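Biologist: I am new to this structure and would like a close look at one part of it, the very start of the chain. Could you walk me through that stretch and then place it in the whole?

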Amino acid sequence: MNGEFPTPAGAAVEDASGSAWVTAEHLEMLGRLACCLYRRLHLGQQVELSVTLIDDEQMEQLHLEWMGLPDTTDVMSFPMDELRAGTAEEPVQAGVLGDVVISPEVAWRQAEVGGHAPEDELALLSVHGVLHLLGHDHAEDEERAEMFSLQKNLLEEFLGRPSPAPTEA
């Protein structure tokens, strides 16, 4: 789907969910978001990233297989080359960042509960997933504060307005 909307050369955005809720505009937005993240996190165009929307059944299988947890979840990240964000002086030129999978069904439910647009929830989950690929975590309070602050800043820059609050698990 890379040729249909602006996405970094190494990034792919795909809808494998079969959800009637997902539109071409959602995929285009995720492509634009990838461009923003690549620029802000100093990732070169050849850094590989996959963002895939999958159905709840697939997500539940992955959640059980990789996390040992039953039921579906909103987003999962599968890092590959353990890349970290670059800097303006030393951008990351190449490598495989990894895969982010998102359940649009869970995203829509969380958006409804959070009182914001489903598109905003998809953006939030995408940023969250990419930050996990870059080694960020939220298991400890200090890590959580750092990750969620960066997530909020990246989202607000992309959206041009306040970001939605993340769903509390």
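Modeller: Gladly! Let's set the scene with the order of elements: along the sequence, the chain runs β-α-β-α-β-β-α-α-α, which gives five helices and four strands. Please keep in mind that this is a predicted model.

Now to your stretch. Over residues 1-5, pLDDT stays under 50. Even so, the model gives these residues eleven contacts beyond four places in sequence. It is best not to lean on such contacts, because predicted coordinates should not be read in detail where pLDDT is low. For the chain as a whole, the mean pLDDT is 93, and 96% of the residues reach 70 or more.

With that caution in hand, we can step back to the overall shape. The radius of gyration is 15 Å, which agrees with the value near 15 Å that a compact globule of 169 residues would have. Along the principal axes, the C-alpha atoms fill a box of roughly 40 × 40 × 35 Å.

What about the inside? Of the 169 residues, 46% are buried. Among contacts between residues at least 6 apart in sequence, 64% join residues at least 24 apart.

Finally, the outside and the charges. The chain has an accessible surface of about 8700 Å², and carbon and sulfur atoms account for 51% of that surface. The chain carries 8 positive and 32 negative charges, and the mean positions of these two sets lie 9 Å apart.

Key:
Residues are numbered from 1 along each chain as its sequence is written. This is a predicted model: local features need pLDDT of at least 70, side-chain atom pairs count only at pLDDT 80 or more; totals for chains, interfaces and linings use all residues. Side-chain values use heavy atoms; hydrogens and water are left out. Helices (H or I, at least four residues) and strands (E, at least two) are DSSP runs, numbered from the N terminus. The radius of gyration is taken over C-alpha atoms; the globule rule is 2.2 Å times the number of residues to the power 0.38. Buried means under 20% relative accessible area, exposed over 50%, partly exposed in between (1.4 Å probe, protein chains only). Contact means heavy atoms within 4.5 Å. Accessible areas come from the Shrake-Rupley method with a 1.4 Å probe; for residues, only the protein chains shown count as cover. Lys and Arg count as positive and Asp and Glu as negative; His and the chain ends are not counted. The place of a charge is taken as NZ of Lys, CZ of Arg, CG of Asp or CD of Glu. pLDDT is the predictor's confidence in each residue, from 0 to 100.
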